[in-house]
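Please look over the model below before reading the notes. The comments are meant to be checked against the coordinates.

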Amino acid sequence: LLFPDTLDYIAEGRPILHALFHAHPSFGAMRSAIYSLGIYPFHLNRTPWPILALHAGIILYTVYLTVRSVRVRHAFTNTLFILAVLSVTTSLSWYITLLMPDILGGPLYLAIYLLTFACATLSRTEQGIVAALAIFCATSHSTHLVIAISLCILLATLKLLILRSQRTPKLSLVATVVVAAILLQLSINARLFGHASLDGNRPPYLEARLIADGPARLYLQQHCAQLNWLLCRSVANLPTDDDTFLWADGGI
C-alpha cells in the first residue's frame, strides 16, 4: 500500500546515501533521512515488498521479547497468538503494510520497556539488537524521538518516586540509546543540510496548522505593521487550510 509519502521515502534513499559522501548545498529531502536509508537496502529501487517484511520482522521480534520477559514458557506460540488477534482486531496489519515509519512507534516503546524493566531477560546480543532497533525507530519519525525523550523524563521521575522498589527502572541503557538517537539525527542533518538540526528540512507543518486554525492569522493581521517577517508579505491572502499553505502552486 503506497501512501504518497511512501514514494518520497523510497525515492530519497539513494540520493541521501550519495549526499552523505558527496555533500551538496542544494540537497532538499524533507522526510526522515534515517528511515529512507534504513529501508533502501531492502528495496533497492526495485520492489517495496521487503520493506513490509522488515516492518513485520521488527514487530514480531519486539513483541516476542516482551512476551518472553513476562513468561518464558511457550513464548513464541503466545506471540503468534497475540499477533494473530491484533492483526484481526486492531490496525496493526494495516500499518505494517502502509509502508511508512508510523508503525515503528510501537516497537520503540516496547524496546524502551525491555531496556528499562526487562534488561535481565535479554542476552548481550539481544540488548545490542534492541538498542539498535530503538535508535532506528526513534529517528525514523520526529514524533517518535520526542516521545522517547518524554518517556525518559517520565521514567526518571518514577525512579525518584519508587527508589526502593524492586521494579525501579534502570535508565542508563535507555538514556544512552536516546542520546545516541539525538546525536545521530543531529550529525546526519548537519551533513545533509549544513547545520545540525533535529527536524532536518521539513516544511513548517505547525505554522501552517496555526494559520489555518486562526490564531497565527489573527496575530499576523494585528502585528505585521510592526514586523519585518517574510510571511507578512502574504498576510492579505493567507490560505484557510494547511494543505494550500504547504503544497498548492503559488502557496506560501
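The points below go from the overall fold to the cavities and then to a surface patch.

1. Status and fold. This is a predicted model. The protein has 12 helices and 0 strands, so the sequence reads as α-α-α-α-α-α-α-α-α-α-α-α under the DSSP-run assignment of helices and strands.

2. Overall dimensions and burial. The C-alpha trace spans about 70 × 50 × 40 Å along its principal axes. Of the 252 residues in the protein, 40% are buried.

3. Cavities in general. Searching the whole structure gives 2 cavities of 30 Å³ or more. The largest holds about 70 Å³ of space, and the second largest about 30 Å³.

4. Lining of the largest cavity. Part of this lining comes from the stretch Ala 29, Met 30, Arg 31, Ser 32 and Ala 33. Further along the sequence, Gln 185, Asn 189 and Phe 193 contribute, as do Asp 199, Gly 200, Asn 201 and Arg 202. Helix 9 (residues 172-193) provides the largest share, 3 residues.

5. Character of the largest cavity. What classes of residue make up the lining of the largest cavity? There are 4 nonpolar, 5 polar and 3 charged residues. The charged ones are Arg 31, Asp 199 and Arg 202, because Asp, Glu, Lys and Arg are the residues placed in that class.

6. Lining of the second largest cavity. Leu 108, Ile 112, Ala 134, Ala 138, Ala 148, Val 177, Val 178 and Ala 181 surround this space. At least two lining residues come from each of helix 6 (105-117), helix 7 (124-139) and helix 9. Helix 9 gives the most, with 3 residues.

7. Character of the second largest cavity. Its lining has 8 nonpolar residues, no polar and no charged ones. In the largest cavity, by contrast, the lining includes 5 polar and 3 charged residues. Helix 9 deserves a look in both places: it supplies the largest share of the lining of the largest cavity and the most to that of the second largest.

8. Surface patch. Which residues form a nonpolar patch on the surface? They are Phe 81, Ile 82, Val 85 and Leu 86, and together they have about 330 Å² of accessible area. Ile 82 lies in helix 4 (residues 75-89).

9. Exposure of Ile 82. Is Ile 82 buried, exposed or partly exposed? Its relative accessibility is 32%, so Ile 82 counts as partly exposed. The category runs between the cut-offs of under 20% for buried and over 50% for exposed.

Conventions. Residues numbered from 1 in each chain as written. Predicted model: local features only at pLDDT ≥ 70, side-chain atom pairs only at ≥ 80, totals over all residues. Heavy atoms only, no water. Patch = residues over 30% accessible without salt bridge, like charges linked within 9 Å, V, L, I, M, F, W, Y side chains within 5 Å. Areas by Shrake-Rupley, 256 points an atom, 1.4 Å probe, with all protein chains shown as cover. Salt bridge = Lys/Arg side-chain N within 4 Å of Asp/Glu carboxyl O. Helix = DSSP H or I, 4+ residues; strand = E, 2+ residues; numbered from the N terminus. Buried < 20%, exposed > 50% of the residue type's maximum accessible area, 1.4 Å probe, protein only. 1 Å grid on protein atoms, 1.4 Å probe; cavity = no way out; pocket = protein on both sides within 12 Å on 5 of 7 lines; lining within 4 Å. Points joined across faces, edges and corners; volume = space filled by probe spheres on them.
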